[in-house]
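Me: Could you take a close look at one part of this model for me, the place where two helices pack against each other, and then show me what surrounds it?

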Amino acid sequence: MTALSPDRPGKTRLPLTLESLKRQRSKDGFGQVFQGLLLFSVAIAFAMVATVLITVLIDSSEVLRGQFWDFLTNKSSSDPAKAGVAQGIRGSLIIAGIVTLVAFPVGIGAAIYLEEYAADTPLTRLIEVTVRNLAGVPSIVYGLLGLAVFVQGLGGITGGSSVISAGLTLAILVLPIIIITASESIRAIPSSLREGAYGLGATQWEVIRTQVLPAAMPGILTGAVLSIARALGEAAPLLVIGAAAFYSTGFQGQLDQMQGAFTALPMNVATFAKLPADVWAGHAAAASVVVLVLVFSINLVAIIARARLTKKLGR
Amino acid sequence: MSDTSTAQAPEAASPEPPAKLRSWTPTTPALRSRALATAVEGILYLVIVMAVAVVEYFVAGPIGDFGLSNWWIGFVIMAIWQGWHWAGAQTPIGSYIDHYFADSAGAPACFWCIATRQLTRFGFLYALPILAFSTNIVMMFVLFAVAGLIIHFTPDGRAPWDLFAGTHLTESLAIERSVALAEITKPADFRLGRQRVAENNRARRIMLLAGLSSVFISVLIVWNIFSEAWEFVAADEFEWSLLTDIGWFPRRNKFDLATLFVGTLWITGIAILVAGPIGLGVAIYLSEYARPKVRTIVKPMIETLASIPSVVLGFFAIAFISPDILKRFGGLFGIDFGIFSLLSAGIGVGILSVPIVASIAEDAMRAVPRELREASYGLGARKATTALRVVFPAALSGISAALIVAISRAIGETMVVFIAAGGSGGAIFESNPSEPGQTITAAMASLGAGTDSVAGSGIAFQSLYFLGALLFIMTLILNVFSDAIVRRFRQVY
């Protein structure tokens, strides 16, 4: 640091030309150290992402190379050479379907109500507060809710610890996330759009259906699709609901399978990771790769869908 | 929208304002006549159920108890029979006492509206009691009474299912009056305008229901978790001294909370030590230093980190952090790390929390008005000084909210700890982070993973809910706290 430092203006000597300022800046030692620290933290964050992905890939290479197709199509087994994640993939896909069917309409409907219809009443504020707090409730607590309501309370319909219970629980888990993201993208729609439609004599519902929803759709869909990715990565609620570590599906109909024992990809990862690492680490890593591929491709779909919809709307 | 133009023109020419269309009020039947119709219906339902049982007896023989299936078969027959006259806006019973279904404009309700109404109603009055209370006929009449009270206290005498489907139960329809009011040239025009109004009202009601779902879920969570937790505390085997017994062994009735709290504190502390500096560094870099091009690389990287499921990080903790980092560097300090340790799991949770801290803190710092930075530069401050002594203090509330949210997430994080901290069913008190330990969430996961064997055996199962209630309260307090901070911070700018 020199005597010319602007931090000590009393000692600044005129004339202060552009050149002298540039020279000073290059001598700003503290600033450089600080920027270096910031870059270091960004580098560590990068290293974290890279190490996680590389570790998982390296550890999984043996299983994925040796028995790639078997691993994807085999059922769970206590024999490392035969064990696969087919049941997990099936369970995860059904869960994603149930989450889509249940959480999308309810979440988007709630967002529309909060942003378009609701006046500033105590009821509205209550809804907003509960949504915000629900978003912060740990996922395992939703597992308890699922255990009490879907597994035990409505066991007659869901069949107890079944993929239906899991799907409904995860739908409730992601509901606040969908509501918050959808509300944000609806709030971003300029009111001039609404006023124009009202001016043409449209009812409120027509304004929402023909103007607000299409304009907000990119944001709403992105949030909703990302929430599916979140649901696919959750294992804690499934653990509480009672996802099976190992099970065999005998000769059952489709409905019986929906109501019977189930597992999901993250549960597969957890199960393999809990087994002795010398034999099963490769399987845990391979199942992790499958989860990551699924989650990342869903994120990619969200990004592409957003880009396309935005382009189509000409915004 | 394009076909509505035909309806608009005559409405505009009419001397009466179109608002009159909505002014139809239903002549709601007296509660007594509704109750009569419902009672007739209920008796008919019982008759049907009995008839089913009799038929069953003759077809299948005496096969034991009077099963749940009889109620369901009766329900289906009832639904079909009661739905027979939907298209005529009257039920079979209603046709004897002039009960119609009207939409909110007073015309006969559409087929789907009535279908929705009847299905909702049957669900509430018949399916719910069957499901929830399995054949307890008393509960069914309690539900009938509840419905009657709701009908009594709603303005137009509308039941919950009426509110849901947008129908009114009425003794007279309003077709003639509405046509005279609106002076619409042909019936189709009138129908269009009325439909639009009804559709609008229906949409509003459905959205309200969706909005109420979150309140409903909150009530369900609080009710279920706290009632089960109360059963734990109120159980005969339970004594408060069990909560301070040595170690956490739920199957042996040892519920030492200190064991779990120490584990949770370690995990949370380590996670914040990892995620705080790195997350804040990334946030300051992104909001103050990064050029747009660099942002397009760093931002997706942070989002990638955020989208990695926690199970994968749990596996990462035992596959990389423990053997390759802790064992290697722990040896230098003479500490012997195993595969499972609180430190390893804490670092894993810290990696998960980096994107949370980074994104919330970055939002807070970007929300600081540019004038503040410009004024700082105008006074001759350097970039680092501006970032640290102007922007950082101005965004301090948002930054502390980010840290609190991260703490709340770390407390609630389950899978990393379940996999990497090494606590299985039980754990002894352990205050050394290089040793395996147990947290609240991991203890819950262990209990939950063995739910089938735990259920019904003592109070171990209820302790799951007791821990859930503790966790819920802790995270709720943290969330409300951070929410309040963020709100105050929004009011400043």
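Reply: Quick bit of vocabulary before we zoom in: the domain bounds used here come from an automatic or database domain assignment. Keep in mind, too, that this is a predicted model. For chain A, that assignment gives domain 1 (9-67) and domain 2 (74-312). Where the two domains touch, domain 1 of chain A puts in 7 residues and domain 2 of chain A puts in 8. On the domain 1 side, that splits into 4 nonpolar, 1 polar and 2 charged.

Now for the helix pair. Helix 5 (residues 139-153) of chain A packs on helix 7 (residues 163-187) of chain A with the axes 9 Å apart and an angle of about 135° between them. Angles over 145 degrees would count as roughly antiparallel and 65 to 115 as roughly perpendicular, so this pair is called oblique. The crossing of helix 5 over helix 7 in chain A is right-handed. From helix 5 of chain A, the contact uses A:S139, A:Y142, A:G143, A:L145, A:G146, A:F150 and A:V151. Helix 7 of chain A answers with A:S165, A:L168, A:T169, A:I172 and A:L173. Sort the residues of this contact by type and you get 7 nonpolar, 5 polar and no charged.

Stepping back to the chain pair, 82 residues of chain A are in contact with 77 residues of chain B. Helix 2 (residues 29-73) of chain A gives the most to chain A's side, with 19 residues. That side of chain A breaks down into 56 nonpolar, 20 polar and 6 charged residues.

Methods: Residues are numbered from 1 along each chain as its sequence is written. Chains are lettered from A and ligands numbered from 1 in the order in which they are written. This is a predicted model: local features need pLDDT of at least 70, side-chain atom pairs count only at pLDDT 80 or more; totals for chains, interfaces and linings use all residues. Helices (H or I, at least four residues) and strands (E, at least two) are DSSP runs, numbered from the N terminus. Ala, Val, Leu, Ile, Met, Phe, Trp, Tyr, Cys and Pro count as nonpolar, Asp, Glu, Lys and Arg as charged, and the others, Gly among them, as polar. Axes are lines fitted to C-alpha atoms, for helices over the stretch in contact, and angles run from 0 to 180 degrees between N-to-C directions. Angles under 35 degrees count as roughly parallel, over 145 as roughly antiparallel, 65 to 115 as roughly perpendicular and the rest as oblique. A crossing is left-handed if the near helix is turned anticlockwise from the far one by less than a right angle, and right-handed if clockwise.
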